[in-house]
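Q: I would like a close look at a single part of this model and at what surrounds it. Please walk me through it step by step, residue by residue where that helps.

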Amino acid sequence: MSARSRKTSCLQNGSPPGGRRWLWMVVGAWGVLGAQAASADPQVVLPQGLPVQVKPTYTEPGLPQFTFPTSGGSLLGGSADAGSGSGDAYNSMMSQSWGSSAANAAGAMGVSATALAATCAMESNCQNVGSSGGSSASGAFQMISSTYNADIKGAVAYDPSIAGTVVSGSAGEMDPGTEAYAAAYELRQDAINLQNNSNISNPTVLDVRAVYQFGSGAGPGVAEAPDDANIAQLTGLSAASLAANGLNSSSTVGQWRQTIINKLGSATANQSVLQQ
């Protein structure tokens, strides 16, 4: 699952900075991603079996409440995709009654719908689930309340035309179509953070996941680190936080990246987050 810290960098186009995050999604808000439908598999792939349960594990500022599954399977049901990029995340989101609304939200924020779908797939298997375990992380995108509130305000400021279409107040967190605006705005912030604070000019889903998951401070360093770099050294996570997220003191950036690629497929993981 997962929750996140909020962004300190300012957005382009004069849009105000939002707060940070919602989750890790492994079990996780910072937590362990079309309008770009043209690049997605045209077949709708429905999830098989029970959805992965989101189980927030900690609420440290700047860190996602998300933990990677420690064994077998895929967040989307069936066998894990070792990198074929079948488009399951996008199809999983679009199979939901709110999928089209979420794709439109991504487009309004200038974000790839595939990237937004990858977020809901990682966070909740694109299931609109409530908060649990003492965390406020909720919804299909598992955002904590403070991050959601900051990001939905940022989204409306970025595109005032959506003001009349979003569900107001805390109820918006459990309305996937509304939460999608906040999640897409957060992804936009993360991508722009990478453009401003790293050598990554065209952030991908995998790149942005590092910021979404490890925060605006450590995230850019993780995103551009070599595969053999040590996650604990780059992030400063405690042993308990590492363990809660399926990592340990010897986990490398390469191992973390492969975990995400195994869940999403290489095509989705390498999808550009910002619309071209």
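A: Contact here means heavy atoms within 4.5 Å. With that in hand, let's settle on helix α5, residues 176–197, and follow its neighbours.

A word on confidence first. This is a predicted model, with a mean pLDDT of 76 for the protein and 67% of residues at 70 or more. Confidence is lowest in strand β2 (residues 23–24), with a mean of 38, and highest in α2, at 97. Over residues 1–86 the pLDDT stays under 50, although the model has 389 contacts beyond four places in sequence for that stretch. Where pLDDT is low, the predicted coordinates should not be read in detail. For orientation, the protein has 10 helices and 3 strands, and along the sequence the pattern runs β-β-β-α-α-α-α-α-α-α-α-α-α. Of its 276 residues, 58% are buried.

Now to the first neighbour. Helix α2 (residues 99–108) packs on α5 at an angle of about 30 degrees, and the two axes are 8 Å apart. That angle makes α2 roughly parallel to α5, since angles under 35 degrees count as roughly parallel. The crossing of this pair is right-handed. On the α2 side the contact is made by Ser101, Ala102, Ala105, Ala106 and Ala108, and on the α5 side by Gly177, Ala180, Tyr181 and Ala184. Sorted by class, that is 7 nonpolar and 2 polar residues, with no charged ones.

Where does methionine 109 sit? Methionine 109 belongs to the loop between α2 and α3. Its relative accessibility is 0%, so methionine 109 counts as buried. Look at what surrounds methionine 109: beyond four places in sequence, its contacts are Ala155, Tyr158, Asp159, Ile162, Tyr181, Ala184, Tyr185 and Arg188. Two of these, Tyr181 and Ala184, are also among the α5 residues that meet α2. For tyrosine 181, the C-alpha atom is 7.2 Å from that of methionine 109, while 72 residues separate the pair in sequence.

The next neighbour is α6 (205–223). Helices α5 and α6 pack at about 35 degrees with axes 9 Å apart, and α5 passes α6 in a left-handed crossing. From α5 come Glu186, Leu187, Asp190, Ala191, Asn193, Leu194 and Asn197, and from α6 come Asp207, Val208, Val211, Tyr212, Ser216, Pro220 and Ala223. By class this contact has 8 nonpolar, 3 polar and 3 charged residues.

Proline 203 lies in the loop that joins these two helices in sequence, between α5 and α6. Proline 203 is buried, because its relative accessible area is 1% and the cut-off is under 20%. Leaving out neighbours within four places, proline 203 touches Ala191, Leu194, Gln195, Val208, Gln271, Ser272 and Val273. Ala191, Leu194 and Val208 also take part in the packing of α5 with α6. Aspartate 190, another α5 residue in that packing, is 13 residues from proline 203 along the chain, with 8.9 Å between their C-alpha atoms.

One step further out, α6 has a partner of its own in helix α9 (residues 253–264), at an angle of about 145 degrees and with axes 9 Å apart. This crossing is right-handed. Here α6 brings Val205, Leu206, Arg209, Ala210, Gln213, Phe214, Val222 and Ala223, which meet Val253, Trp256, Arg257, Ile260, Ile261 and Leu264 of α9. The classes are 11 nonpolar, 1 polar and 2 charged residues. Ala223 appears in the contact with α9 and in the contact with α5.

If you check backbone torsions, have a look at the loop between α3 (113–124) and α4 (145–158), which holds asparagine 125. Asparagine 125 is not a glycine, yet its phi is positive, at about 60 degrees. Cysteine 126 is in the loop between α3 and α4 too, and its phi is a positive value near 60 degrees, again in a residue other than glycine. Are these two residues buried or exposed? Asparagine 125 counts as buried at 2% relative accessibility, and cysteine 126 is buried at 0%.

Key:
Residues are numbered from 1 along each chain as its sequence is written. This is a predicted model: local features need pLDDT of at least 70, side-chain atom pairs count only at pLDDT 80 or more; totals for chains, interfaces and linings use all residues. Side-chain values use heavy atoms; hydrogens and water are left out. Axes are lines fitted to C-alpha atoms, for helices over the stretch in contact, and angles run from 0 to 180 degrees between N-to-C directions. Helices (H or I, at least four residues) and strands (E, at least two) are DSSP runs, numbered from the N terminus. Angles under 35 degrees count as roughly parallel, over 145 as roughly antiparallel, 65 to 115 as roughly perpendicular and the rest as oblique. A crossing is left-handed if the near helix is turned anticlockwise from the far one by less than a right angle, and right-handed if clockwise. Ala, Val, Leu, Ile, Met, Phe, Trp, Tyr, Cys and Pro count as nonpolar, Asp, Glu, Lys and Arg as charged, and the others, Gly among them, as polar. Buried means under 20% relative accessible area, exposed over 50%, partly exposed in between (1.4 Å probe, protein chains only). pLDDT is the predictor's confidence in each residue, from 0 to 100.
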